[in-house]
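Hello,

Here is the structure I said I would pass on. My notes on what I found in it follow below.

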Amino acid sequence: MENPIIETFGLGKKYHISNLVNKNTEEKGLLGGIKSIITQPRHQPKWALRNIDIKVEQGDIVAVLGGNGSGKSTLFRLLSEITDPSEGEIILRGSVSCILEAGVGFHHELTGKENIYLNGTLLGMSTEEINAQFDQIVAFSELEQYLNVPIKKYSSGMYIRLAFAVASFLRTDILLVDEVLSMGDESFRQKSIKRMKQMADEGCTIMMVSHDAKILRDICCSAIHIEQGQLIGQGSMGELFKSYSEK
Amino acid sequence: MRFTLLWKARPILSHLIRRDVLITYKQTILGVFWTVLKPIMMAAIIVFVFEGIGNFPDFGFPYVLIALSALSVWEFFSSAISRGSVCLIDDRDLITRVNFPRMILLINASLKNSIGLFINLVVTFAFMLYYNIPFTVNLLWIPVIYFFTIILNLSLGLWLGTINVFFRDVNTIVPFLLRLGLFISPVGFTFNSVPEVWQKLYCINPMVGIIRAMRFSILGETFRPDLSCILIGCLSLLLVLLSGLYIFGRYERKFADLI
């Protein structure tokens, strides 16, 4: 069997958070405030993720399960090399594109067309690639009439459609998608799900976060479950989802 | 290795430049005309202050041209610096959500208002035509001066942008420093007004060399800068650039966690 496309070993990320309220040492008044500034350590470490060992095979669509603040987005930030891990190691055997938010880099004063280019290049496409796929992107977003309108006039549904359309024509080996699909109406959602499956068939590995269980069950075959920065389990979607939803 | 990444990210740079140009003039009435209006108003004020109130040695050129030739490049410098110090913070969404060479943001900032420089120069040339000042072959130096100013913008931007990620005090202090800089750089006066004993020291400010070179290329031989001054300026520029690259490179990977 081939090597997994993503592997992590003991991956951990520590953040230093200032002003974490510590009830025991909190003192009142101006003097107390000054005293606490001097005596308290300014930054307290907090592990957002720790001891994460995962393996993802090429062409899989993997759901990342976990409650709010469990470390899902931090995992994506580490995998896409936006930030460096505090400990552990990541092995990536392909290019990564990460969509942490719909329409990153979108500027409300710019038109749909201008935003497609800005967003596309930020996600790693070349201008030629965007030119070549421009018509497909526009057709997918169903926004032909609004291309030259500043996106501040767009409805939120239109915004999401444009953002997802660009993302779904990325040529990348690994695509990380955070909570993008659950917005948009039902028909667009079906279309997006179809497009994701198609991308996976073409060999793209997809990891996704969503709070919409229906979408995840529809397209994901395997899953990773994280709670409070710890890996609870990795396995088939069916099993893990059962234990996840029982919580 | 870093350089290859930067080179690959050129399309991002070109689309960021386009974004910044487009949004500057959207929803304004006068649009690009503001860029023409600004240097003329600035020149008028400077002429009033220095020519009307102070006494100023006569170089055989109308004062407004002496001011405008320096002001064009100063405006370019100062708008790039104020942009450079905040560009990382302003685009924090990009830094925390996309992996791309962050230096692109600073390069973009250091090129900011190149159009403004061009228009300022056109305004200056119009004044030269009006006063019958001959155009000389020295004008060919302008692209070189432009290049050096960009490098200066980038060098200081690397410093200020990086510090600003950690300490937002930079936001407050940069406009103040720029106003100070306007008075300690030879914008409203010429290099000759500086006492001779201080001249070498004065040249450490890289803007001194740049402004002198600009005056020379626009107004001619009267303002030819001495080579030693230019060399001192280049040296201090190199120092700022290398230290800026070092500081930026050292902290770049922490931006996403701290910004």
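The contact between the two chains draws 24 residues from chain A and 20 residues from chain B. This is a predicted model, and every value in these notes is computed from it. Between them, chain B and chain A bury about 2100 Å², and carbon and sulfur atoms give 59% of that area. On the side of chain B, three residues supply 29% of the area that the chain buries against chain A: His15(B), Arg97(B) and Arg253(B). No other three residues supply more.

One element to look at here is helix H3 of chain A, which covers residues 112-122. Nine of its 11 residues are buried, so the helix is largely enclosed by the rest of the structure. Among the buried ones are Asn115(A), Ile116(A), Tyr117(A), Leu118(A) and Asn119(A), and Gly112(A), Gly120(A), Thr121(A) and Leu122(A) are buried as well. What do these buried residues pack against? Within chain A they meet helix H4 (127-141) and helix H5 (156-167). From chain B they meet helix H2 (10-25) and helix H5 (92-97), so the cover of H3(A) comes from both chains. After H3(A) comes Gly124(A), which has a positive phi, near 110°.

Another residue of chain A that reaches the partner chain is Arg77(A), located in helix H2 (residues 72-79) of chain A. Leaving aside residues up to four places away in sequence, Arg77(A) touches Ile82(A), Thr83(A) and Leu100(A) in chain A, and Thr96(B) in chain B. Arg77(A) is 82 residues from Tyr159(A) along the sequence, and their C-alpha atoms are 23 Å apart.

Now the chains one at a time, starting with chain A.

Chain A has 10 strands and eight helices. Of its 247 residues, 49% count as buried. Its accessible surface is about 12100 Å², with carbon and sulfur atoms accounting for 49%. Taking contacts between residues at least 6 apart in sequence, 73% of those in chain A join residues at least 24 apart. One backbone detail is worth a look: Asn51(A) has a positive phi, near 55°, although it is a residue other than glycine. Asn51(A) sits in strand S2 (residues 43-52) of chain A. Is Asn51(A) buried or partly exposed? Its relative accessibility is 44%, so Asn51(A) counts as partly exposed.

Chain B is built from helices.

It has 13 helices and zero strands, and read along the sequence the pattern is α-α-α-α-α-α-α-α-α-α-α-α-α. The radius of gyration of chain B is 19 Å, close to the 18 Å that the globule rule gives for 259 residues, so chain B is as compact as a globular protein of that length. Its C-alpha trace spans about 55 × 45 × 35 Å along the principal axes. Buried residues make up 51% of the chain. The accessible surface of chain B is about 13100 Å², and 71% of it belongs to carbon and sulfur atoms. Of the contacts in chain B between residues at least 6 apart in sequence, 79% join residues at least 24 apart. As for charge, chain B carries 21 positive and 13 negative side chains, and the centres of these two sets lie 10 Å apart.

Two residues of chain B show what its interior and its loops look like in detail.

The first example is Ile210(B), in helix H11 (residues 206-219) of chain B. Ile210(B) has 8% relative accessibility and therefore counts as buried. Not counting residues up to four places away in sequence, Ile210(B) touches Val73(B), Ile145(B), Phe148(B), Thr149(B) and Leu152(B). Leu152(B) is 58 residues away from Ile210(B) along the chain, yet their C-alpha atoms are separated by 9.7 Å.

The other example is Asn113(B), found in the loop between helix H6 (103-111) and helix H7 (114-130) of chain B. Phi of Asn113(B) is positive, near 65°, in a residue other than glycine. With a relative accessibility of 22%, Asn113(B) counts as partly exposed, because buried means under 20%.

Regards

Key:
Residues are numbered from 1 along each chain as its sequence is written. Chains are lettered from A and ligands numbered from 1 in the order in which they are written. This is a predicted model: local features need pLDDT of at least 70, side-chain atom pairs count only at pLDDT 80 or more; totals for chains, interfaces and linings use all residues. Side-chain values use heavy atoms; hydrogens and water are left out. Helices (H or I, at least four residues) and strands (E, at least two) are DSSP runs, numbered from the N terminus. The radius of gyration is taken over C-alpha atoms; the globule rule is 2.2 Å times the number of residues to the power 0.38. Buried means under 20% relative accessible area, exposed over 50%, partly exposed in between (1.4 Å probe, protein chains only). Contact means heavy atoms within 4.5 Å. Accessible areas come from the Shrake-Rupley method with a 1.4 Å probe; for residues, only the protein chains shown count as cover. Lys and Arg count as positive and Asp and Glu as negative; His and the chain ends are not counted. The place of a charge is taken as NZ of Lys, CZ of Arg, CG of Asp or CD of Glu. Buried area is the accessible area (1.4 Å probe) that two parts lose on being put together, summed over both.
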